[in-house]
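Please explain how the pocket, the charged pairs and the individual residues of this protein fit together. A guided reading in paragraphs would be welcome.

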Amino acid sequence: ERYELFARELAGELGASELVLLATCNRVEVVFARELGHLPTFADRDRVAGQLGLAEGDPLRERLHLLTGRDAVRHLFRVACSLDSLV
């Protein structure tokens, strides 16, 4: 329930019509789409960081990556299929 609330708030912040949180043993992936199809921007990455409570200058902000289009889809499938895993 806590994650559902977080996902709804984050979707609202990003203007996303769809949003998925994918958690693995060493990462959390945020995948979203907008109704009008506007691609994610670095400003969106900052919005995600803000929702996660990462202040400016926090070293974890540097660990946030932004992928769009085919790169994002390819990455999502690799993570979901455990092809991109530490194990």
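The paragraphs below turn to the largest pocket, then to one residue of its lining, and then to the salt bridges.

The structure is a predicted model. Its largest pocket has a volume of about 1200 Å³. The lining of this pocket comprises 36 residues, and those closest to the pocket centre are Val28, Glu29, Val30, Val31 and His65. Several elements take part: helix H1 (2–14), strand S1 (18–23), strand S2 (28–33), helix H2 (42–51) and helix H3 (69–80) each contribute at least two lining residues. The greatest contribution comes from S2, which supplies six residues. In chemical character, the lining of the largest pocket consists of 22 nonpolar, seven polar and seven charged residues.

Val28, one of the residues closest to the centre of the largest pocket, belongs to strand S2. Is this residue buried or exposed? The relative accessibility of Val28 is 60%, and because exposed means over 50%, Val28 counts as exposed. When neighbours within four places in sequence are set aside, Val28 is in contact with Leu22 and Ala23. A separation along the chain can also be set beside one in space: Val28 and Leu83 are 55 residues apart in sequence, while their C-alpha atoms are 16 Å apart.

The account now passes to charge pairing. Side chains of opposite charge can pair when their charged atoms come close. In the whole structure, seven salt bridges are found. One of them is formed by Asp44 and Arg34, whose closest N and O atoms are 2.6 Å apart. Asp44 lies in helix H2 and Arg34 in the loop between S2 and H2, so this pair ties together parts that are ten residues apart in sequence. Both Asp44 and Arg34 are buried.

Asp44 has a further partner in Arg47, with which its side chain meets in a salt bridge of 2.8 Å, N to O. Why are Asp44 and Arg47 separated by about one helical turn? They are so placed because they stand three residues apart in helix H2. The accessibilities of the two partners can be given in turn: Asp44 has a relative accessibility of 3% and therefore counts as buried, whereas Arg47, with a relative accessible area of 34%, is partly exposed.

Another salt bridge joins the side chains of Arg61 and Asp46, at 3.3 Å from N to O. This pair links distant parts of the chain, with Arg61 in the loop between H2 and H3 and Asp46 in helix H2, 15 residues apart. Arg61 has a relative accessible area of 13% and is therefore buried, while Asp46, at 38%, is partly exposed. As for shared partners, salt bridges join Arg34, Asp44 and Arg47 into one network.

The surroundings of Arg61 can be described further. The side chains of Arg61 and Asp46 are also joined by a polar contact of 3.3 Å. Which residues does Arg61 touch, not counting those up to four places away in sequence? They are Asp46, Ala49, Leu54, Ala55 and Glu56. Asp46, the salt-bridge partner of Arg61, is thus among the residues that Arg61 touches.

Methods. Residues are numbered from 1 along each chain as its sequence is written. This is a predicted model: local features need pLDDT of at least 70, side-chain atom pairs count only at pLDDT 80 or more; totals for chains, interfaces and linings use all residues. Side-chain values use heavy atoms; hydrogens and water are left out. On a 1 Å grid over the protein atoms alone, a cavity is a set of points where a 1.4 Å probe fits but cannot get out, and a pocket is an open set with protein on both sides within 12 Å along at least five of seven lines; lining residues have an atom within 4 Å of a point. Grid points are joined across faces, edges and corners, and a volume is the space filled by probe spheres set on the points. Helices (H or I, at least four residues) and strands (E, at least two) are DSSP runs, numbered from the N terminus. Ala, Val, Leu, Ile, Met, Phe, Trp, Tyr, Cys and Pro count as nonpolar, Asp, Glu, Lys and Arg as charged, and the others, Gly among them, as polar. A polar contact is a pair of N or O atoms within 3.5 Å; within protein, one must be able to donate a hydrogen and the other to accept it, and residues adjacent in sequence count only if both atoms are side-chain atoms. Contact means heavy atoms within 4.5 Å. A salt bridge is a side-chain nitrogen of Lys or Arg within 4 Å of a carboxyl oxygen of Asp or Glu. Buried means under 20% relative accessible area, exposed over 50%, partly exposed in between (1.4 Å probe, protein chains only).
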